[in-house]
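Reader: I am new to this structure and would like a close look at its salt bridges. Could you take me through them slowly, with the terms explained as they come up?

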Amino acid sequence: MISPPEARRGRETRLLLATIAISVAVLVLLARFRFPEEAGRPAAEPAPAPLERLAARATYDELASIMADLERRLTPRLAVVQIQPDRAEGAHAIAARMTPRRAILLLTSQESLAPASSSFFPILARDNTRDLAVLSVPEAADAMVTLAPVTLRPGPRYIAVVEATAQGPVIRPVYVGRTDIFQDPRTTSPLLSVAALQQVLPRGAAIFSLAGNFLGLAIEGGTSATIIPGDILYAAAESARGVEETRGDLGFTVQPLTQALARATGAERGVVASAIHPRGPAVDHLEPGDVVTAIDGTTVTTPAGFQQVVQSRTPGQEATLDLIRRGKPVQVTVTVRDATGVPLPPLAGDDPGLVLRHVPGLGAEIVSVRPGGAAARAGLAAGDIVLRVGVRDAPAPAALLTAYRQAPDGGALLLSVQRGAEHRVVALEK
């Protein structure tokens, strides 16, 4: 039996606990009325969002700061030149200063520097195999690009891409998903391939690491691009001797190997010899219809590739050609001549300067156009198909040439010409 004092203490304890519980409940209720916006918000959610925004802002600011610093450092090391004709990327190109007095840029054999441009620099030498030109620039001992100490390792990264504009160089960061090294079959030189690009890489752009090291020039643009490494560009600029440009030539023209020509010649790949120059070095070695599959062991599969390999050969040296002639393999040796130093013989008055082939049912397709001839002055080009000469439809090549010879001096032939999907009328003046 509990004594009265102990019973009183038990009741007091229970009263105290009940008072505490009621006080807590009242405080919670008052807090909900006082801070209603906090009541339904999870306690763990507010922290990450501001942190994420802060991290993103820090990354963006850091990259913008790097680009601004690179622009300040790289602008004196790059030159912007105007080229002609204009490229798809524009009329200006980037030249990287490789030595105190030499810069290098991407320039095809069909391109030149605009002589009237305020940024004109004389061309010291050209490499037509890689489409490079070495320029002579005002001396600046402390304004050369810095080569990358090592090639980019495979893996994602940012690179700095410098493009040319009329106002000067423009730099932007581009994310690269993958990098690889491969050998150029034309020159056996290592090239750098970058793929999975965040943005399109313009052809001819100068590529740098975010540390400011020169990686090279982009020779093929797009979402996947090929880059000539900086060490190869430095060697080309350093070895340029300032001699007059020379280009190799073998004295014959080629055309693509179509499926029909492949069946007729028995060749699986290569380019077809379409016309042999009567005074050229190949006149006693090749004949129209021969399929050239390789030059000095370098495989050729397109007319453009053939031209690049031929132009890279030194005039005077021997070039070994692998051919398919009437279904059988043949090997011939041809002496390379200088395409720039050997003038073409003058055209006869009755020669329009055309090499043609017959397209049954259509007319005469132009295989090549001789510079300075009547056909060149009329604006005719390789690939054009002459559908009509005067009143004759689907003319054979012999009929077109005969009509031109029979035309009076100072007269003209009206030609109906198809170029791709377009049709036009051309006056071929004699």
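Author: A good place to begin is a network of salt bridges that links Asp69, Arg72 and Arg73, where a salt bridge means a side-chain nitrogen of Lys or Arg within 4 Å of a carboxyl oxygen of Asp or Glu. Please keep in mind that this is a predicted model, in which local features need pLDDT of at least 70 and side-chain atom pairs count only at pLDDT 80 or more, while totals for chains, interfaces and linings use all residues. Residues are numbered from 1 along each chain as its sequence is written, and side-chain values use heavy atoms, with hydrogens and water left out.

Under the salt-bridge rule, the count comes to 11. Within the network, arginine 73 and aspartate 69 form a salt bridge whose closest N and O atoms lie 3.2 Å apart. These two residues sit 4 residues apart in helix H3 (residues 48-74), so about one helical turn separates them; helices (H or I, at least four residues) and strands (E, at least two) are DSSP runs, numbered from the N terminus. Arginine 73 has a relative accessibility of 29% and counts as partly exposed, and aspartate 69, at 28%, is partly exposed as well. Here buried means under 20% relative accessible area, exposed over 50%, and partly exposed in between, with a 1.4 Å probe and protein chains only.

Another salt bridge joins the side chains of aspartate 290 and arginine 325, at 2.7 Å from N to O. This pair links distant parts of the chain, 35 residues apart, with aspartate 290 in the loop between strand E17 (271-276) and strand E18 (291-295) and arginine 325 in strand E20 (residues 318-325). Aspartate 290 counts as buried, at 1% relative accessibility, and arginine 325, at 17%, counts as buried too.

A further salt bridge brings together the side chains of arginine 424 and glutamate 422, with 3.1 Å from N to O. Arginine 424 has a relative accessible area of 34% and is partly exposed, while glutamate 422 is partly exposed at 48%.

One more acidic residue is worth a look, this time through its contacts. Glutamate 111 lies in the loop between strand E3 (102-106) and strand E4 (112-113), and with a relative accessible area of 9% it is buried. If its neighbours within four places in sequence are left aside, glutamate 111 is in contact with Ile83, Gln84, Pro85, Arg87, Leu106 and Arg126, contact meaning heavy atoms within 4.5 Å.
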